[in-house]
Amino acid sequence: MKKAAVIGLGDISPIHLAAIAGNPDIELCAVCDIDPEAGQRAPEGVPFYTDYEEMLREAKPDCVHVCLPHYLHYPVSKYFAEHGVNVFCEKPVALNTAQAKEFAALETAHPEVHIGICLQNRLNESVEMLKSIIESGEYGRVLGTKGIVPWARPKQYYDCKPWRGKWETAGGGCMINQSVHTLDLLYFLGGPVKSLRASVSQLLDYGIEVEDTVAAQLTYADGGKGLFMATNANYKNESVQIGVQLEKADFAIIENVLYRVAQDGSREELCEDARLPGTKFYYGASHAKLIGKFYKALEDGTDDYIHVRDAEMSIRLIDAVQEAGRTGGSVAL
């Protein structure tokens, strides 16, 4: 059994705590947050710390879950990796491409530790089946992809945690915070991206630094095209939509269901994702699946999980979209 600690008791931490509690092979040995009042949210009987260095010395976890604001993901992960502790880090993997490369170099420099990145939507049942269909070659190669994220965030979302609206601490807006999973899936399913063009804007009058709305056209290395659209300016959170056109069939993930789409628009349901209960359903329900996979790799000494090097492209795509938005031209990856 491995001992786990969770650092950061914010919005995403309950998902990690529930996954740990539901896994008989993981013992939660400590939780940590700089806010002393966060200790009231700690599971009963679990030691609470406000200093993660003290936590490391006293609790001696085998793995830490980094559930902190974006700007702390890399430095905190680096601290623990350099102390020989395995790391499971929430998305995004980094603030920008340069930092993502540093993180990937850290991973290479410390083969004795496992560093997993939480891009859990790769393990959604719909995505797993669609990935298998694509790799089978039964329907030919990918001709086009689509990823749409029509979400909503009130001004209070940024006001209550100001780091979210700043370049220095968030690394971006709706892309890095809300739709990094969708960008990740567009290259995970569609293949290497060669270049892109994009429009980046603010539709909401929130006084933040970062973008709230983007649209981009991707050109894949094999000539296929992709469309990516994301916004926090919708009137409510609606289902992310993923589409993939193959030579012999079209597929779509809508409302967490994978469909094969006929030429007349009729749809055949192929599978449905497990669904997270409550109002945070749009997080997806595959955190526990990915966390279980990561801890199995720790036990077996294998590398069957999402590495830093796997997640680096999501940040490269975000930076390329930002650059294309600023310059109005095509950006190569």
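Where is the place of Arg122? In this predicted model, in which local features need pLDDT of at least 70, side-chain atom pairs count only at pLDDT 80 or more, and totals for chains, interfaces and linings use all residues, Arg122 is found in the loop between strand 6 (115-118) and helix 5 (125-136). Residues are numbered from 1 along each chain as its sequence is written, and side-chain values use heavy atoms, with hydrogens and water left out. Helices (H or I, at least four residues) and strands (E, at least two) are DSSP runs numbered from the N terminus.

Arg122 has a relative accessibility of 11% and therefore counts as buried (under 20% relative accessible area, with exposed over 50% and partly exposed in between, for a 1.4 Å probe and protein chains only). Apart from neighbours within four places in sequence, Arg122 is in contact with Val127, Glu128, Asp184, Leu185, Tyr187, Phe188, Ile306 and Asp310, where contact means heavy atoms within 4.5 Å. A polar atom of the Arg122 side chain lies 3.4 Å from the backbone oxygen of Asp310.

Asp310 also takes part in the packing of helix 9 (residues 180-190) against helix 11 (residues 308-327). The axes of these two helices are 9 Å apart at an angle of about 110°, the axes being lines fitted to C-alpha atoms over the stretch in contact and the angles running from 0 to 180 degrees between N-to-C directions. Helix 9 and helix 11 are therefore roughly perpendicular (65 to 115 degrees; under 35 counts as roughly parallel, over 145 as roughly antiparallel and the rest as oblique). Val180, Leu183, Asp184 and Tyr187 of helix 9 meet Asp310, Ala311, Met313, Ser314, Leu317 and Ile318 of helix 11.

Helix 11 also packs with helix 4 (residues 97-109), the axes coming within 9 Å and crossing at roughly 170°, and this pair is therefore roughly antiparallel. Here Thr97, Ala100, Lys101, Phe103, Ala104 and Glu107 in helix 4 meet Val308, Arg309, Glu312, Ile315, Arg316 and Asp319 in helix 11.

Gln202 is placed in the loop between strand 8 (193-201) and strand 9 (213-220), and at 40% relative accessibility Gln202 counts as partly exposed. Leaving aside neighbours within four places in sequence, the contacts of Gln202 are Ile208, Glu209, Val210, Glu211 and Asp212. Polar atoms of the Gln202 side chain lie 2.9 Å from the backbone oxygen of Ile208 and 2.8 Å from that of Val210.

Terms used: A polar contact is a pair of N or O atoms within 3.5 Å; within protein, one must be able to donate a hydrogen and the other to accept it, and residues adjacent in sequence count only if both atoms are side-chain atoms.
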